[in-house]
Amino acid sequence: MRFVILGGSGSGKSTQAQRLCRHFDIPLISTGEIFSEAIANISSNNRHVQPYLEKGELVADETTIEFIRTWLNKNDINSGWVLEGYPRTAFQAEELDFLLDDLQQKLDWAIYLQVPEAVMVTRSNGRSLPDDQPEIVQRRVELFYDRTMSILEYYDRRRRLLTINGDQLPEMVEQNILTLVSVS
């Protein structure tokens, strides 16, 4: 199974991505971890990533796509995966489809965790991550609504979108995902 987890900051993407990975015994591809690794490594890559993350902005499409392409090409993941934090724009979603075509893979489902804005902000502010400052959290939520909503239309047109109420206990969200995946 190959999944993309979509949702705003604080929607539960990481939690559900980890649960799906355990359930299906497949690897997690997290752009947050990929970008953190890039910043930690002294390389030319970190100058392309760090300024965006510090402001709560989305990393440039070309940079993000190249990171994902490199990761998918260097890791043996034919058995499936869960991609969390990517795509974040309709352009990235389309580029992911092109990349998967090149790799002779296809996306099974884009899972959208629908959570009210106030809940996303509250959850994000409750975490103690360095980039979860209130103004950065608010900026990420705004960006999600401004740029990411077009991805839902993209995947809906391709009949690959599952919308899940993410404003529930994590166990209930996971069960809802597994139920929809098994009957679809």
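In the predicted model, the buried residues of helix 8 pack against four elements: strand 1 (2–6), helix 1 (13–24), strand 4 (109–114) and strand 5 (161–165). The residues concerned are Val-173, Glu-174, Ile-177, Leu-178 and Val-181. Viewed down the axis of helix 8, these buried residues lie within an arc of 130°, so they line one face of the helix. A general property of helices bears on this pattern: an α-helix has 3.6 residues a turn, so residues three or four places apart point the same way. On the other side of helix 8, Ser-182 and Val-183 are exposed. Helix 8 covers residues 170–183, and its 14 residues should span 20 Å at 1.5 Å a residue; the C-alpha atoms at its ends are 20 Å apart, which agrees.

Helix 8 belongs to a protein with eight helices and five strands. Read from the N terminus, the order of elements is β-α-β-α-α-α-β-α-β-α-α-β-α. Of the 184 residues in the protein, 46% are buried. Among contacts with a separation of 6 or more, 74% are between residues 24 or more positions apart.

Helix 1, one of the elements against which helix 8 packs, has 12 residues. From its first C-alpha to its last, helix 1 reaches 16 Å, close to the 16 Å expected at 1.5 Å a residue. Lys-13, Gln-16, Ala-17, Arg-19, Leu-20 and Cys-21 are the buried residues of helix 1. The elements that cover them include strand 1, strand 2 (28–30), strand 3 (81–84), strand 4 and helix 8. Helix 4 (residues 61–74) was examined in the manner of helix 1. Helix 4 has 14 residues and reaches 20 Å from its first C-alpha to its last, close to the 20 Å expected at 1.5 Å a residue. In helix 4, the buried residues are Thr-63, Thr-64, Ile-65, Phe-67, Ile-68, Trp-71 and Leu-72.

The packing of helix 5 with helix 7 is considered next. Two packed helices are described by the angle between their axes and the distance between the axes. For helix 5 (residues 90–102) and helix 7 (residues 134–157), the axes come within 8 Å and cross at roughly 40°. An angle over 35 degrees but under 65 falls in the oblique class, and helix 5 and helix 7 are therefore oblique to each other. On the helix 5 side, the contact is formed by Ala-90, Ala-93, Glu-94, Leu-96 and Asp-97. On the helix 7 side, these residues meet Ser-150, Ile-151, Tyr-154 and Tyr-155. Six of the residues in this contact are nonpolar, one is polar and two are charged.

Two other residues of helix 7 were examined singly. Met-149 is found in helix 7 and counts as partly exposed because its relative accessibility is 27%, between the limits of 20% and 50%. Although Met-149 and Ala-90 are 59 residues apart along the chain, their C-alpha atoms are separated by 8.4 Å. Apart from residues up to four places away in sequence, Met-149 touches Tyr-112 and Phe-144. Phe-144 is also found in helix 7. With a relative accessible area of 5%, Phe-144 is buried, the limit being under 20%. Phe-144 and Gly-7 are 137 residues apart in sequence, and their C-alpha atoms are 7.7 Å apart in space. When neighbours within four places in sequence are left aside, Phe-144 is in contact with Gly-7, Gly-8, Tyr-112, Met-120 and Met-149. Tyr-112 is thus touched by Met-149 and is also in contact with Phe-144.

The backbone was examined at three loop positions. Most residues other than glycine have a negative phi, and most peptide bonds are trans. Asp-25 is not a glycine, yet its phi is positive, at about 55°. Asp-25 comes just after helix 1, in the loop between helix 1 and strand 2. At 68% relative accessibility, Asp-25 counts as exposed. Gln-104, a residue other than glycine, has a positive phi near 55°. Gln-104 is found in the loop between helix 5 and strand 4 and is exposed, with a relative accessible area of 76%. The peptide bond from Tyr-86 to Pro-87 is cis, with omega near 0°. Pro-87 lies in the loop between strand 3 and helix 5.

Notes:
Residues numbered from 1 in each chain as written. Predicted model: local features only at pLDDT ≥ 70, side-chain atom pairs only at ≥ 80, totals over all residues. Heavy atoms only, no water. Axes fitted to C-alpha atoms, helices over the stretch in contact; angles between N-to-C directions. Helix = DSSP H or I, 4+ residues; strand = E, 2+ residues; numbered from the N terminus. Parallel < 35°, antiparallel > 145°, perpendicular 65-115°, else oblique. Contact = heavy atoms within 4.5 Å. Nonpolar A, V, L, I, M, F, W, Y, C, P; charged D, E, K, R; others polar. Expected span 1.5 Å × (residues − 1). Buried < 20%, exposed > 50% of the residue type's maximum accessible area, 1.4 Å probe, protein only. Arc of directions from axis to C-beta.
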